[in-house]
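Work through the exercises below with the sequence and the model at hand. Each task is followed by a stepwise solution.

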Amino acid sequence: MKKSYQDIEDKRQDGTVWFNDLKRKRESGPKLLDKRYTSYGDATKAVHAGQYDDPQTGALGTPIYQCSTFFLNEASYEAIEEGRGRDEMIYTRYGNPSQWSVQEKISALENAESSIVFGSGMAAISSALLAMLDKGSHVVSSRDIYGGTYNFLYEDLDKFGMSVTFTSPTDIDEIEAAIQENTKVLYFEALTNPLLKITPIKELVALGKKHNLRVIIDNTFLTPYNVKMLDFGVDLVLNSATKYLNGHSDIIGGTVSGSRKLVDRIWPQMLKNGGSMDPHVCFLLERSLKTLALRMKTHNANALELATYLENHPKIKRVYYPGLESHNQYKLAKEQLQGKNSGMVSFEIKGGDANAHALLNNLILPKEATSLGGVESLISLPYNTSQASLTKEQQKAIGINDGLVRLSVGVEDITDLISDLEQAITTIFK
Ligand SMILES: *Cc1c(COP(=O)(O)O)cnc(C)c1O
């Protein structure tokens, strides 16, 4: 029998929402198996969540589904017709069991309904932003943002009739003042490069609520092991999986996590932009993630010890580390990072950039290379790498002082790392 309008109104009065709730029921995933290990801790999730042990052969561990396409069947034809392609195996740019498996592990770690893995962090960032914006939209972001993201926001948004304002990531008043009528997104990094400034996430989320904006956070420097951005009420969290998530400096990848509804909006953007993750890379990422908790514990502990050592060294001018009381947001760090801090340490050596170069040359263990989050310590100077496009004056203005060194502290024995720094510094000043 055809329902009358009144029937529907009656239904609304007894609590069933009607018009505003004409939405497709969404499940978490897409997934092969319900394996979130939701009630377990991060180390357990990292090992077990998402893993697809092949029921046909009994092979332990997710097989590498190295294929570009899949046999079509009734279910896939139906899904294509109804625009539900994300939940069926059709074509690897759309989805692949190797992606689903690692996406489930990431969702478990992020406390997310849904995640997508991308071929790079930048693919994740550009797809997520384009999906959340439309013609004429405005974004408020940070002056301390990752260079690739800065270039995308600054150079490319304009081509789509969109715009951006860059603010201090730590000054909520400045962020609020930058909000315009057409602002749609607040885009920030939880911990910035290279000065490890902390974006006050609670306040940022409150600002997003107040002005009806989506809050997107790049959590690459911290990972969901150190802090779960979605638990703070952030709409979407992104990671460059190239860094800590993979942790072995051997793949390029990115992730986006959030509600199924929002992530479903990013998925068609990925289909257009490209940049889905290759199945073999999915395998490497899933394998690496199994030790995420182990690695992060060591990164965090080593970094704190190294930062403390450096702070007490007479030849080191200043150390930037959220676990030190000298960090100008120490209180916020304690609250937001729950004592885990980070595996990154930045510091200024006496004698400026000349001595910073000498330090890099004298060190044996840390590799002089850009990037971060690998098991091996990586060291670089922001002035000629991440912030190289800025003039010396611009660098000074955002706090990139002479002699600044950025160290991604690896999982080597901390005593070895400290001895190496000690010999390298002693050699310079002897
Ligand atoms: C490296 C990095 C990116 C970009 O990731 P790719 O995997 O290199 O594309 C984005 N944000 C931050 C904070 C990064 O460190």
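Which residue has a side-chain N or O atom 2.7 Å from a nitrogen atom of the ligand? The model is a predicted one, so local features are restricted to pLDDT of at least 70 and side-chain atom pairs to pLDDT 80 or more, while totals for chains, interfaces and linings use all residues. Residues are numbered from 1 along each chain as its sequence is written, and side-chain values use heavy atoms, with hydrogens and water left out.

**Exercise 1. Describe the surroundings of the ligand.**

Step 1. The residue asked for above is Asp218: an N or O atom of its side chain lies 2.7 Å from a ligand nitrogen. A polar contact is a pair of N or O atoms within 3.5 Å; within protein, one must be able to donate a hydrogen and the other to accept it, and residues adjacent in sequence count only if both atoms are side-chain atoms.

Step 2. The protein covers 92% of the 380 Å² of accessible area that the ligand has on its own (Shrake-Rupley method, 1.4 Å probe; for residues, only the protein chains shown count as cover).

Step 3. Turn to the backbone. A polar backbone atom of Gly121 is 2.9 Å from a ligand oxygen, and one of Met122 is 2.8 Å from an oxygen atom of the ligand.

Step 4. List the shell. There are 14 residues around the ligand, and those that come nearest are Gly121, Met122, Asp218, Thr242 and Lys243 (a residue is near if one of its heavy atoms lies within 4 Å). Helix α5, residues 121-132, gives the most to this shell, with 3 residues. Helices (H or I, at least four residues) and strands (E, at least two) are DSSP runs, numbered from the N terminus.

Step 5. Sort by class: 5 nonpolar, 6 polar and 3 charged residues make up the shell. Here Ala, Val, Leu, Ile, Met, Phe, Trp, Tyr, Cys and Pro count as nonpolar, Asp, Glu, Lys and Arg as charged, and the others, Gly among them, as polar.

**Exercise 2. Examine three salt bridges and state where their partners sit.**

Step 1. Side chains of opposite charge can pair when their charged atoms come close. A salt bridge is a side-chain nitrogen of Lys or Arg within 4 Å of a carboxyl oxygen of Asp or Glu. The whole structure holds 17 of them.

Step 2. Asp264 pairs with Arg260, with the closest N and O atoms 2.9 Å apart. Because these two residues are 4 apart in helix α10 (residues 260-273), about one helical turn separates Asp264 from Arg260. Both Asp264 and Arg260 are buried (buried is under 20% relative accessible area, exposed over 50%, partly exposed in between; 1.4 Å probe, protein chains only). Through shared partners, salt bridges join Arg86, Asp87, Arg260 and Asp264 into one network.

Step 3. Glu335 and Lys202 form a salt bridge at 3.9 Å, N to O. This pair links distant parts of the chain, 133 residues apart: Glu335 is in helix α13 (residues 330-337) and Lys202 in helix α8 (residues 201-211). Glu335 is partly exposed at 44% relative accessibility, whereas Lys202, at 53%, is exposed.

Step 4. In the salt bridge of Asp156 with Lys159, the closest N and O atoms are 2.9 Å apart. Asp156 counts as partly exposed at 24%, and Lys159 as exposed at 63%.

**Exercise 3. Inspect the backbone for cis peptide bonds and positive phi values.**

Step 1. Gly29 and Pro30 are joined by a cis peptide bond with omega about 10 degrees. Pro30 belongs to the loop between α1 (5-13) and α2 (42-48).

Step 2. From Asn193 to Pro194 the peptide bond is also cis, omega being near -5 degrees. Pro194 is in the loop between β4 (183-189) and α8.

Step 3. Thr223, a residue other than glycine, has a positive phi near 70 degrees. Thr223 is part of helix α9 (residues 223-226) and is buried, at 1% relative accessible area.

Step 4. Gln338 is not a glycine, yet its phi is positive, about 50 degrees. Gln338 is in the loop between α13 and β9 (344-349) and is exposed, with a relative accessible area of 61%.
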